[in-house]
Each structure stands twice: as structure tokens, then as C-alpha cells.
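Let's take a walk through the empty spaces of this protein, and then stop at one residue along the way.

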Amino acid sequence: MPDDSAILRLTTALGRGDNAAFAAFYESWFDRGYDAVRAATGRDDAFCLDVVHDAMLRVVKSLRPMNTRADLDRWMTRVLHTTALDRLRREARMIARQRRHGEHTSGVANADNGADPPNAAALADQIAWLTVQVAAMDEQDRALLSLRFALDHSLNGAGKALGITGDAAHGRIRRVLVHLRSLAAAVTTRQGPLL
């Protein structure tokens with residue numbers, strides 16, 4: 001992945017519609033994007049490939065120049081998660097429409113996406129809840145989670161990117177996850193299982 005000065009040049013070129021810049025960006029982000037979507041949703045290849053493709057189309061339409069790799073990584077992670085959530089919501093709406101109209105959903109819908117329809121709706125709710133919680137976090141905590149889980153950095157690598165040690169990164173991540181689990185437990189007691 002390019003350094004910070006190259007990121008500004010790349011994102012500026014992407015904003016101008018430079019095809020070569022888009023090809024380089026697509027090449028550098030495709031596998032990470034696919035892995036992030038697969039990890040976040042647990043869905044099959046077709047679903048993950050569709051989400052990455054849709055996310056890349058959003059990049060073409062809305063990317064603005066960015067100064068650092070960390071900025072680009074955070075933005076792209078948000079685009080991937082939002083795109084996955086949008087697709088899950090569309091599926092949940094389609095399934096709800098089919099049920100309202102008495103259509104049989106066990107064949108086509110399940111064969112296409114590999115998920116049980118009720119689980120798809122529950123997963124969409126979980127992702128929506130988690131997206132809100134992550135958006136409300138301290139910026140450094142968000143960046144740390146993104147580096148560690150979406151971009152698959154080691155604890156030392158994630159910590160180094162933020163100017164802290166690997167042990168400090170581990171401690172912060174652990175505290176954030178404990179906090180998220182306690183929030184999820186509180187919601188679960190009121191509404192039923194969340195995470």
C-alpha cells in the first residue's frame with residue numbers, strides 16, 4: 001500500500017476520474033475489501049464479491065482527496081460496511097415482501113446468498129447496531145478496531161500506526177470489546193439476542 005504522500009496523489013487522481021489510478025486502487029483494495037466483508041457478514045463468495053463491487057462504484061462516485069493512509073483505510077472500511085449493510089437490508093426487505101405476498105422464499109433466496117432469511121435480517125440488525133456503536137466511539141478506538149479487524153494488522157502494527165505499543169493496543173481493544181459486549185448484553189435483555 002502506498003505511503004501518505006502517494007495516498008494524496010492517488011485519491012486526487014481518483015477524484016478526477018483517472019482510470020489508471022482506479023485500477024491501482026482496485027488492485028490494492030480488492031482482497032482486503034473482500035476479506036473485511038466476509039469477516040463482517042460471514043456470507044458466501046457471491047455476496048462478498050457483489051458488496052466489494054458496489055463499494056468500488058461508490059468510491060468512483062464519492063472519493064475525495066485524503067492526506068493519509070489511515071484516513072483512506074477508515075473511509076474505505078466505512079464504505080465497505082455501509083455497502084454490506086445496505087445489501088443486507090435490501091435482502092431483508094425482499095424477504096419480507098415475499099412473505100407478505102405468500103411467496104415461497106426457501107428456494108431462490110437461500111440458494112443465492114447462502115443464508116437463512118431470518119438470519120439475514122438478524123445479521124442486518126446486528127450490523128446496524130454495531131455501526132452506530134462504532135461511529136460513537138473515540139476516533140482512535142475506531143481507527144484501532146479498523147486496523148486490527150478490518151485491515152488485519154497485527155497488534156504491534158495497529159499500535160505502531162497509532163503511535164502506541166502492541167500491548168497498549170491489545171489493552172485498548174480488549175476494553176472496547178468488553179464495553180461493546182456489555183452494551184449488547186443490555187440491549188439483549190430488553191429486546192432479545194443482539195450479538
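## Pocket, cavity and a leucine

In this predicted model, the largest pocket holds about 900 Å³ of space. It is lined by 25 residues, and those closest to its centre are His-81, Leu-130, Thr-131, Val-134 and Leu-145. So much for the middle; what about the walls? Helices H2 (19–41), H4 (69–100), H6 (117–135), H7 (139–150) and H9 (166–191) each put at least two residues into the lining of the largest pocket. H6 chips in the most, with seven residues. Sort the pocket lining by class and you get 15 nonpolar, six polar and four charged residues.

Now for the enclosed space. The structure has one cavity of 30 Å³ or more, and the largest cavity comes to about 30 Å³. Around the largest cavity sit Ala-70, Asp-73, Arg-74, Ala-143, Ser-146 and Leu-147. H4 and H7 are the elements that give two or more residues to that lining. By class, the cavity lining splits into three nonpolar residues, one polar and two charged.

While we're at H7, have a look at Leu-144, which belongs to this helix. Is Leu-144 buried or exposed? Leu-144 counts as buried because its relative accessibility is 2%, and the cut-off for buried is under 20%. Who keeps Leu-144 company? Setting aside neighbours within four places in sequence, Leu-144 is in contact with Ala-158, Gly-159, Leu-162, Ala-169, Arg-172 and Ile-173. Take Ala-169: it lies 25 residues from Leu-144 along the chain, yet their C-alpha atoms are separated by 7.3 Å.

Notes: Residues are numbered from 1 along each chain as its sequence is written. This is a predicted model: local features need pLDDT of at least 70, side-chain atom pairs count only at pLDDT 80 or more; totals for chains, interfaces and linings use all residues. Side-chain values use heavy atoms; hydrogens and water are left out. On a 1 Å grid over the protein atoms alone, a cavity is a set of points where a 1.4 Å probe fits but cannot get out, and a pocket is an open set with protein on both sides within 12 Å along at least five of seven lines; lining residues have an atom within 4 Å of a point. Grid points are joined across faces, edges and corners, and a volume is the space filled by probe spheres set on the points. Helices (H or I, at least four residues) and strands (E, at least two) are DSSP runs, numbered from the N terminus. Ala, Val, Leu, Ile, Met, Phe, Trp, Tyr, Cys and Pro count as nonpolar, Asp, Glu, Lys and Arg as charged, and the others, Gly among them, as polar. Buried means under 20% relative accessible area, exposed over 50%, partly exposed in between (1.4 Å probe, protein chains only). Contact means heavy atoms within 4.5 Å.
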